[in-house]
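Here's a quick look at how two ligands sit in a protein model and how some of its helices pack. Have the structure open while you read.

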Amino acid sequence: MRIVLVGPPGAGKGTQAAFLAQNLSIPHISTGDLFRANISKQTELGKLAKSYMDKGELVPDEVTIAMAKDRMEQPDAVNGFLLDGFPRNVSQAEALDEMLQHEDMKLDGVLDLEVPETEVVKRIAGRRICRNDSAHVFHVSYKAPKQEGVCDVCGGELYQRDDDSEETVRKRLEVYHTQTEPIIDYYKAQGLVVTISALGKVEEVTGRAMEALKREDDAA
Ligand code: ADP
Ligand code: AMP
């Protein structure tokens with residue numbers, strides 16, 4: 001299956017993607033995680049991306065699309081993938097469509113995670129991620145690690161993302177509404193969108209997501 005996850009920052013896309021990717025046996029591709037891995041390795045791409053991420057702005061399309069394309073072309077993604085944080089504007093969605101058409105492939109569904117802004121703000125304020133791998137995500141009260149400040153998965157140090165500060169979050173939410181939300185209509189026009197509530201326990205949301213994706217798959 002080829003799936004796009006969409007929703008505001010802090011909706012729980014990364015958290016859900018980890019479970020869904022495992023259940024569906026497809027890789028979880030997060031452009032945010034790919035940028036953060038580049039920042040850790042201090043690559044040129046990482047330095048460029050950081051200058052935008054710290055301001056809560058989108059990294060320019062040209063480099064983002066090239067990075068996402070390169071990842072989607074890896075052997076583990078031939079039978080599908082779960083995209084998290086990409087596409088993030090209509091130009092990226094168009095580039096993805098072109099990329100897929102070129103390979104005679106198409107998206108199977110777009111899962112839209114709906115969460116009120118007040119909840120998103122609480123989720124982001126308590127988010128802690130692992131220095132070794134930003135896909136290892138915790139929350140100080142909703143998903144507390146067994147030992148404070150230590151990743152349950154790999155023992156790495158947990159920290160708060162620089163762009164999870166209150167001011168940057170405000171900017172990221174604005175960018176979401178103005179630039180990312182329009183992709184929902186773009187995909188609605190293709191009949192691909194399923195919207196679910198991302199409120200409730202993580203496993204409840206995963207259950208809703210799996211059911212919604214199964215319906216999409218049956219309908220295809
Ligand atoms: P996104 O990838 O959409 O930015 P994350 O998956 O990183 O969001 O989740 C944001 C924060 O909210 C994390 O700290 C995560 O542990 C927490 N979280 C995710 N899903 C839930 C949920 N259903 N209930 C409570 N907290 C959640
Ligand atoms: P995320 O981890 O998805 O919250 O993304 C963190 C930041 O990385 C965003 O605020 C952007 O600055 C950048 N980013 C991630 N994905 C994209 C994308 N598809 N296009 C542009 N910038 C992105």
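## Ligand contacts and helix packing

In this predicted model, an oxygen atom of ligand 1 sits 3.2 Å from a polar backbone atom of alanine 11, a polar contact being a pair of N or O atoms within 3.5 Å; within protein, one must be able to donate a hydrogen and the other to accept it, and residues adjacent in sequence count only if both atoms are side-chain atoms. Being a predicted model, it needs pLDDT of at least 70 for local features and 80 or more for side-chain atom pairs, while totals for chains, interfaces and linings use all residues. Side-chain values use heavy atoms, without hydrogens and water; residues are numbered from 1 along each chain as written, and chains are lettered from A and ligands numbered from 1 in written order.

Staying with ligand 1, there are 17 residues around it, and Lys13, Thr15, Arg127, Phe138 and Gly200 come nearest (near means a heavy atom within 4 Å). Over at ligand 2, the count is 16 residues, with Thr31, Arg36, Glu57, Gly85 and Gln92 coming nearest. Here are more of the polar pairs:

| Ligand atom | Protein partner | Distance |
|---|---|---|
| Ligand 1, nitrogen | Arginine 123, side-chain N or O | 3.4 Å |
| Ligand 1, nitrogen | Glycine 200, backbone N or O | 2.8 Å |
| Ligand 2, nitrogen | Threonine 31, side-chain N or O | 2.8 Å |
| Ligand 2, oxygen | Arginine 36, polar side-chain atom | 2.8 Å |
| Ligand 2, nitrogen | Glutamine 92, side-chain N or O | 2.9 Å |

Now for the helices. α2 (residues 31-40) packs on α3 (residues 44-53) at about 120 degrees, axes 7 Å apart. Helices here are DSSP runs (H or I, at least four residues), numbered from the N terminus; axes are lines fitted to C-alpha atoms over the stretch in contact, with angles from 0 to 180 degrees between N-to-C directions. So α2 is oblique to α3, as angles under 35 degrees count as roughly parallel, over 145 as roughly antiparallel, 65 to 115 as roughly perpendicular and the rest as oblique. Gly32, Phe35, Arg36, Asn38 and Ile39 of α2 meet Leu45, Gly46, Ala49, Lys50 and Met53 of α3, contact meaning heavy atoms within 4.5 Å. Arg36 thus turns up twice: in this helix contact and beside ligand 2.

The other pair is α6 (residues 117-125) with α7 (residues 166-180), at about 135 degrees and with axes 12 Å apart. That makes α6 oblique to α7 too. Glu117, Val120, Val121 and Ile124 of α6 touch Val169, Leu173 and His177 of α7.

Key. Helices (H or I, at least four residues) and strands (E, at least two) are DSSP runs, numbered from the N terminus.
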